Amino acid sequence: MRRPTDERRIRSPRLGPDRLPLIGHGHQLARRPLEFMNALREQGSVVKILIGPTAAYVVTDPAVTRRVLVTEVDAFAKGGKIIDALRVFFGDGLATIADGDLHMKHRRLMQPMFNKSHIATRGDVMISHVRTATEAWAAGVARDTYEDMNDLTLSTFLVALFGSGLPGHVEQEFQGLMPEIMRGTIRQTILPGWVTKLPLPANRAHERRVARLRALIDQAIDHHRAQLASAEQPAPPPGCPAHQDGAQAEGTASQAGLFSTLLTADDPETGPLSRQQLQDEAITLLTGAIETTGTTLAWTLYEISRNPGIERKLHAELDAVCGERPLRQEDLGSLPYMRSVLKEAMRMYGPAWLVTRTTTRPVVLDGVPIPEGADVVYSPYVHQHDPEVYADPAAFDPGRWEPERAKSINRSSFLAFGDGRRKCIGEEFAWTELLIVLATVVQRWRLTLASAPPRPQAIVTVKPDKLSMTPQPRVPTKAQEHEEQPAPS
């Protein structure tokens, strides 16, 4: 095991290898980011890199990262180049807003939205939506699984967030915009700041896409406001011609989404959230729903397809819980092995690969002095592939999350949802959606790889570069066992 450096012994950080004039290590981050970040572990626990002329300090040791996120959090504010780039289209959403009273206010206002009991009210609606979408798949016809999972997680989250009946073009345009916006954001992160401010075609296109995204979010918010207003109308008396319309309004109320929590939130000091704040939070929530959940599901389905033993255990667990009936909300807590499979996919593929903080004062991390205002970088991907924490980190092994084996895993090394006071507020919802989508797909289909094995590609998440899979109807475990029994002689 690594031993922490004596903080009294100040040392200069090692400089990352293969930097170039003017752009520093930017070419490494652009061309081979995962390999480059993983290799920095060999350089030390805190390694200096250059992004253009600007220095950044990469933390490669999970124990040191915990100091950044938890034990010395006041010295490391949410910030840095990637946060600045994300803020262009997130605005001051919960993921990018600066630390302080405003962040705590937003977190308090949003917390009821993600209470387990509140999320459960949307569970069966989400299950129904996923079942309808996946039943439309054609057996034997190869599909783009990464695109499928992003489309499915987006549409499911829209139903949960804004209720039913959202105009179809909003979902379609959002799905088309997000990949381009994410690519533009990474470009702004790795290039020198003066380049991103020039009136170049790429910069202008990024600004146009961000503006269109905000217009679409406005339409979704207006749609949900109309739903709530319709639900608040007094019901007409029985027998009145409008009584049927009143019943429809009551049905609309029952379909109200999680976002109603923010639309009706009213802070005693500052009042309700402004239109700009509602936009910022909606964009933050929806981006997280696509980028992290969809990517995790795509990698999970790929790993299931190439591990028959894991697939059999999943089928047995699911059939024992549900039998031949469809999944229900109350089943989700009875799928521990499925949860372990998903957690292992999160470990192995990120989902985030680069996170930044900014120092609020001079600090010393593991003996390395870091000045005030410097960017400090850590990588969940690197920590979750640390061979000193995870035995055989390149192996997909859900069994490592069984209670007894998991005791040996340092909690600081698994950062799929972050840590400390900036830990992801939507973790409970993410688990609900992940389990719903995976269980519904696995219950009905077996997917086999129809393309070359995918390679990890670091954008905002660690996504598969290409993943095509072919669905075939699945025979339930008990029926399959019956079919395999020898005929009586």
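How do the axes of helix 6 and helix 7 cross, and within what distance do they come? I will come to that pair directly, but please keep in mind throughout that what we have on the screen is a predicted model.

The axes of helix 6 and helix 7, the latter covering residues 145–162, come within 9 Å and cross at roughly 145°, and helix 6 passes helix 7 in a right-handed crossing. On the helix 6 side the contact is made by Arg122, Val125, Met126, His129, Val130, Ala133 and Thr134, while helix 7 contributes Leu152, Ser155, Thr156, Val159 and Ala160.

Let me stay with helix 6 itself for a moment. Helix 6 runs over residues 116–135, and because its 20 residues should span 28 Å at 1.5 Å a residue, the 28 Å between its end C-alpha atoms agrees with what is expected. There is nevertheless a kink of about 35° in helix 6, and that kink is centred on Arg122, a residue that also takes part in the contact with helix 7. The buried residues of helix 6 are Ile119, Arg122, Gly123, Met126, Ile127, Val130 and Thr134. As a reminder for reading such a list, an α-helix has 3.6 residues a turn, so residues three or four places apart point the same way.

Moving along the chain from helix 6, we reach Val141, which is found in the loop between helix 6 and strand 5, the strand at 143–144. Val141 counts as partly exposed, because its relative accessibility is 45%, and the partly exposed class lies between 20% and 50%. Which residues does Val141 contact once its neighbours within four places in sequence are left aside? They are Met469, Thr470 and Pro471, and in keeping with that, the C-alpha atoms of Val141 and Gln472 are separated by 8.6 Å although the two residues are 331 residues apart along the chain.

The same part of the model can be approached from Ser468, which is found in strand 13, residues 468–473. Ser468 counts as buried because its relative accessibility is 17%, and the cut-off for buried is under 20%. A polar atom of the Ser468 side chain lies 3.4 Å from the backbone oxygen of Arg143. Not counting residues up to four places away in sequence, Ser468 touches Ala142, Arg143 and Thr145, and also Thr448, Leu449, Ala450 and Ser451.

Let me now turn to helix 13, residues 275–305, where Gln279 is found. Is Gln279 buried or exposed? Gln279 counts as buried, because its relative accessibility is 8%. The side chains of Gln279 and Arg214 are joined by a polar contact of 2.7 Å, and, leaving aside its neighbours within four places in sequence, Gln279 is in contact with Ile217, Asp218 and Ile221 as well as with Arg214.

Helix 14, residues 308–322, has 15 residues and reaches 21 Å from its first C-alpha to its last, close to the 21 Å expected at 1.5 Å a residue. The buried residues of helix 14 include Ile310, Leu314 and Leu318, but also Glu311, His315, Glu317 and Asp319. Helix 14 is followed by Gly323, whose phi is positive, near 65°.

That brings me to two residues other than glycine with a positive phi, Asp18, where the value is near 60°, and Asp366, where the value is near 50°. Asp18 has its place in the loop between strand 1 (14–15) and helix 1 (26–31), whereas Asp366 lies in the loop between strand 7 (363–365) and strand 8 (368–370). Their surroundings deserve a separate word: Asp18 counts as exposed because its relative accessibility is 55%, while Asp366 is buried, with a relative accessible area of 5%.

One further residue is Ile181, found in helix 8, residues 168–190, and buried with a relative accessible area of 0%. Ile181 and Ala205 are 24 residues apart in sequence, and their C-alpha atoms are 9.2 Å apart in space.

Finally, the chain as a whole. The chain has 19 helices and 13 strands, and buried residues make up 53% of its 489 residues. Among contacts in the chain between residues at least 6 apart in sequence, 75% join residues at least 24 apart.

Methods:
Residues are numbered from 1 along each chain as its sequence is written. This is a predicted model: local features need pLDDT of at least 70, side-chain atom pairs count only at pLDDT 80 or more; totals for chains, interfaces and linings use all residues. Side-chain values use heavy atoms; hydrogens and water are left out. Helices (H or I, at least four residues) and strands (E, at least two) are DSSP runs, numbered from the N terminus. The expected span of a helix is 1.5 Å times one less than its number of residues. The bend at a residue is the angle between axes fitted to the seven residues ending there and the seven starting there. Buried means under 20% relative accessible area, exposed over 50%, partly exposed in between (1.4 Å probe, protein chains only). A polar contact is a pair of N or O atoms within 3.5 Å; within protein, one must be able to donate a hydrogen and the other to accept it, and residues adjacent in sequence count only if both atoms are side-chain atoms. Contact means heavy atoms within 4.5 Å. Axes are lines fitted to C-alpha atoms, for helices over the stretch in contact, and angles run from 0 to 180 degrees between N-to-C directions. A crossing is left-handed if the near helix is turned anticlockwise from the far one by less than a right angle, and right-handed if clockwise.
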